[in-house]
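Let us walk through this structure together, one element at a time. Please keep the sequence and the 3D view side by side as you read.

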Amino acid sequence: MSEQVLILTEGGKDVGLGHLSRCSALYQAFAQKGASPVLVVNGEEHILDFIPGLQCHIQPWLDKDVLLSLLQETPDIAVVDSYLAGEDLYQIIARKCKVAVYMDDNKRMDYPPGIVVNSAGNAEALGYPPCHDKVYLLTEKYALLRAPFWQDSPRRAGQALETILLTMGGSDMRNLTPKILQVLTQEYPQAEKIVIVGHGFSRQETMSSWIDDRTQIVQSPDAEALRALMLQADMAVSAGGQTLYELTRCGVPACVVCVADNQASHISWFQEKGLVKDCGRYDASNLSARVRQALGELADEELRSRISAAGRKIVDGRGALRLVDEILKYLPLQQHY
């Protein structure tokens with residue numbers, strides 16, 4: 001009998017799609033290993049367009065009664081990836097399943113017994129306390145990339161700066177796309193500019209004056225299409241979330257804007273590894289100037305080549321499969337940790 005896996009997360013215009021991206025990667029890895037995953041999302045119906053082909057339900061599982069109904073048939077494994085769930089819900093999940101897995105980014109709480117996963121490069125520096133009833137799986141070796149990013153990604157060798165990718169998250173909650181597109185259009189009018197927007201982005205009219213005949217707007221590409229677009233790009237401007245791992249896997253040097261406080265240490269690690277240019281916070285008064293400077297530095301073909309090669313060594317795309325292998329090791333024990 002295949003293992004029954006319940007994956008609980010959230011997504012939408014107010015919380016972004018980062019959790020959904022890595023949970024869909026985990027779903028695909030469990031399915032690849034022969035398990036039977038189900039994804040339950042607290043969010044809006046339109047996010048189903050982001051995860052085609054997955055058994056997914058939109059339900060308000062942050063409500064205790066809804067959660068208890070989902071756990072009525074005891075799952076072998078329950079994974080929770082949330083910034084919104086309280087400790088009481090985590091305790092319920094830990095009691096009601098055989099193996100509980102908690103996705104973490106910033107040592108959010110003292111988790112119940114189970115497996116704590118933090119796939120950030122700086123995860124070990126957070127100082128998770130040793131504990132007999134918890135297992136910690138840490139660092140970028142567990143970075144959760146969706147299935148198209150598992151395969152090798154050959155890149156074309158381009159010396160000129162021909163194509164720039166702009167992606168500020170599915171909802172672009174800070175409305176940065178128009179501002180940064182202005183910079184790209186002014187500084188690189190001859191470059192092809194690929195602008196990724198999601199269904200949650202509702203302000204396309206605000207950037208109409210900066211769309212030239214070298215600008216391509218792509219709405220909500222699936223993972224396969226996004227990977228193909230990344231492989232075309234000579235460099236990117238991105239927010240500092242899950243997309244950084246996908247860009248790094250594809251060997252795309254990036255200028256990065258921090259759009260949420262929990263991205264700061266994440267971006268710092270990428271910067272320390274020499275994989276990105278940090279442009280600072282979304283609300284910095286000199287953001288446009290910093291983006292211009294970072295783009296100018298990455299215009300150097302030799303630097304881009306070094307960053308591309310280094311990133312592909314650090315992020316191998318196999319993190320989701322690696323993580324599922326580790327989780328399945330604990331299931332035969334059928335006890336909490």
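What follows is a short tour of some strands, a helix and a few single residues. Please bear in mind that the model is predicted.

A good place to begin is strand β1, which covers residues 4-11 and holds Leu6. Is Leu6 buried or exposed? Its relative accessible area is 8%, so Leu6 counts as buried, the cut-off for that class being under 20%. Setting aside residues up to four places away in sequence, Leu6 touches Val38, Val40, Leu70, Leu71, Pro75, Ile77, Ala78 and Val79. You can also look from Leu6 towards Leu67: the two are 61 residues apart in sequence, and their C-alpha atoms are 11 Å apart in space.

Now turn to the surface. Val15, Tyr83 and Leu84 together make a nonpolar surface patch of about 230 Å². Leu84 belongs to the loop between β4 (77-81) and α3 (87-96). With a relative accessible area of 48%, Leu84 is partly exposed.

Another loop is worth a stop, the one between β7 (134-138) and β8, where Lys141 is found. Lys141 is partly exposed too, at 41% relative accessibility. Which residues does Lys141 contact, leaving aside its neighbours within four places in sequence? They are Gly319 and Arg322. Further along the chain, Asp325 is 184 residues from Lys141, and 13 Å separates their C-alpha atoms.

From that loop, move on to strand β8 itself, where Thr167 lies. Thr167 has 7% relative accessibility and is therefore buried. Beyond its neighbours within four places in sequence, Thr167 is in contact with Ile196, Val237, Ser238, Ala239 and Thr243. Two of these elements come back below: Ser238 in its pairing with β12, and β8 as part of the cover of a helix.

That helix is α5, residues 223-232, in which Ala223, Leu226, Arg227, Leu229, Met230 and Leu231 are buried. In an α-helix there are 3.6 residues a turn, so residues three or four places apart point the same way. What covers the buried residues of α5? The cover includes β8 (163-167), β9 (192-197), β10 (215-219) and α6 (243-249).

Finally, consider strand β12, residues 254-258. Five of its five residues are buried, so β12 is largely enclosed by the rest of the structure. Side chains in a regular strand alternate between the two faces of the sheet. In β12, Ala254, Val256 and Cys258 point one way while Cys255 and Val257 point the other way, and all are buried.

Which strands pair with β12? One is β11 (residues 235-239), which runs parallel to β12 and is joined to it by four bridges. Within this pairing, Ser238 stands opposite Val256. The path between these strands involves α6: β11, α6 and β12 make a right-handed β-α-β unit. The other partner is β13 (residues 276-281), also paired with β12 in the parallel sense, over four bridges. Here Cys255 has Lys277 of β13 as its bridge partner. To get from β12 to β13, the chain passes through helix α7 (residues 264-272), and this β-α-β crossover is right-handed.

How values were computed
Residues numbered from 1 in each chain as written. Predicted model: local features only at pLDDT ≥ 70, side-chain atom pairs only at ≥ 80, totals over all residues. Heavy atoms only, no water. Patch = residues over 30% accessible without salt bridge, like charges linked within 9 Å, V, L, I, M, F, W, Y side chains within 5 Å. Areas by Shrake-Rupley, 256 points an atom, 1.4 Å probe, with all protein chains shown as cover. Salt bridge = Lys/Arg side-chain N within 4 Å of Asp/Glu carboxyl O. Helix = DSSP H or I, 4+ residues; strand = E, 2+ residues; numbered from the N terminus. Buried < 20%, exposed > 50% of the residue type's maximum accessible area, 1.4 Å probe, protein only. Contact = heavy atoms within 4.5 Å. Pairing = 2+ DSSP bridges. Right-handed = clockwise from strand over helix to strand, strands pointing away.
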